[in-house]
Amino acid sequence: MEGWTKYFIDSTSENGSDKLIEAGKASWRRGRLDGMVAADISNGKVTVSIGSPAVGQFWQSDTFISSNVGTKCIERRVERYISKEDFEANLYIYIRKKGIEASVLLVPFIAKPSELHSAGFEQYCAITRDLVGQWIIAELNDKEVSFYITKDKK
Amino acid sequence: MSNGFKVTIGNLAITDPDFEEIVEDQDFDGTYAGNGSTSIPLYISHNSTSSITGCGLFMQAYTGADYSGVNGPTEDYNDILAWGDAYNAGGEEGGFQIDQDNDEVFESTIYTGNGTLAVPISLTAGANPGIIAADEEVHIDVRIFVPASETSARNLYIDFGLKYTYTS
């Protein structure tokens, strides 16, 4: 499924496949935004997830190109805001990729090695003070996943 | 001097959010070497209720179904990009040019690293740079400048596109 999925604290979820979005039956910004604990983005081959045990603020934006043959999504993006409360709660955030290969962790560039924690197929990034007020962003194109931290979400 | 240069660009056709679509390819008139073509105005708008952001303009090899050039889309793209590269390096004027403030001065010429998909030219037309708001229509003009040294008259085809970011 190409698109995104939101996961909420009450164990419900909301799906925004490309087809539903194109049909006007799903919208990230007009859908439920409170109580989110995780979000997936998928290009149909690889799924990238950002999440945590606690509720956080998430956002989504994709990059498109248009030409005479129509519009193509070239990059999918999911973003999680790191709040002061996240830091004070000693929170961990997981970022993982699920695809053809086994799930792998993709956060070492974010956290120092001593701040990484592993549990099965997931690994976690500790929230340090320097992350507060920034967005952790996961981007997925046709072939690659990348992550970075920025003060300004797209 | 050759006078047989004709360039066709594919145009914007965006479905999500829906842009006002220009279905037909756009032709610059035949242009003499050493001259700029007549300009083509492009009006870009969309039907989303929110803004699209990070808007950039880029040129790529023609991807439409109606190619009837001589050397193929990739070669045409490389030719026009090379014209811009030469001009950017201080050589004779040439390449795909953009006028974003509608003053008939084409302030931007596309060359390698400026106006390609990897590095699009930022959209500055409109109320806010890089943004096309709901119900906003942005107007830019584009043209082709054929270098004076070109002697091989031919038809060339390229795509001109928009790269942008959108939250569904």
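Which side chain does the side chain of A:Thr47 make a polar contact with? Hold that thought for a second. Just so everyone knows, what we have here is a predicted model.

Okay, back to the threonine. Its partner is the side chain of A:Ser42, at 3.3 Å. A:Thr47 sits in strand S4 of chain A, which covers residues 47-51. Buried or exposed, that threonine? Buried, because its relative accessibility is 18% and the cut-off for buried is under 20%.

Now, cysteines. How many disulfides does the structure hold over all chains? Zero. Take A:Cys73: the closest cysteine sulfur belongs to B:Cys55, and it's 15 Å away, so that's too far for a bond. To call it a disulfide, we'd need the two sulfurs within 2.5 Å. Looking from the other side, B:Cys55 is in no disulfide either, and its nearest cysteine sulfur is the one in A:Cys73. Both of these residues are buried, by the way: A:Cys73 has a relative accessible area of 19%, and B:Cys55 comes in at 3%.

Last bit: how confident is the predictor? For the complex, it gives an ipTM of 0.82 and a pTM of 0.83. Chain B has a mean pLDDT of 84, with 86% of its residues at 70 or more. Among the elements of that chain, strand S7, residues 108-109, has the highest mean, 98, while strand S1, residues 6-10, has the lowest, 52. Then look at residues 10-22 of chain B, where the pLDDT is below 50. That stretch still has 54 contacts in the model, beyond near neighbours in sequence. But where pLDDT is low, the predicted coordinates shouldn't be read in detail.

How values were computed:
Residues are numbered from 1 along each chain as its sequence is written. Chains are lettered from A and ligands numbered from 1 in the order in which they are written. This is a predicted model: local features need pLDDT of at least 70, side-chain atom pairs count only at pLDDT 80 or more; totals for chains, interfaces and linings use all residues. Side-chain values use heavy atoms; hydrogens and water are left out. pLDDT is the predictor's confidence in each residue, from 0 to 100. Helices (H or I, at least four residues) and strands (E, at least two) are DSSP runs, numbered from the N terminus. Contact means heavy atoms within 4.5 Å. Buried means under 20% relative accessible area, exposed over 50%, partly exposed in between (1.4 Å probe, protein chains only). A polar contact is a pair of N or O atoms within 3.5 Å; within protein, one must be able to donate a hydrogen and the other to accept it, and residues adjacent in sequence count only if both atoms are side-chain atoms.
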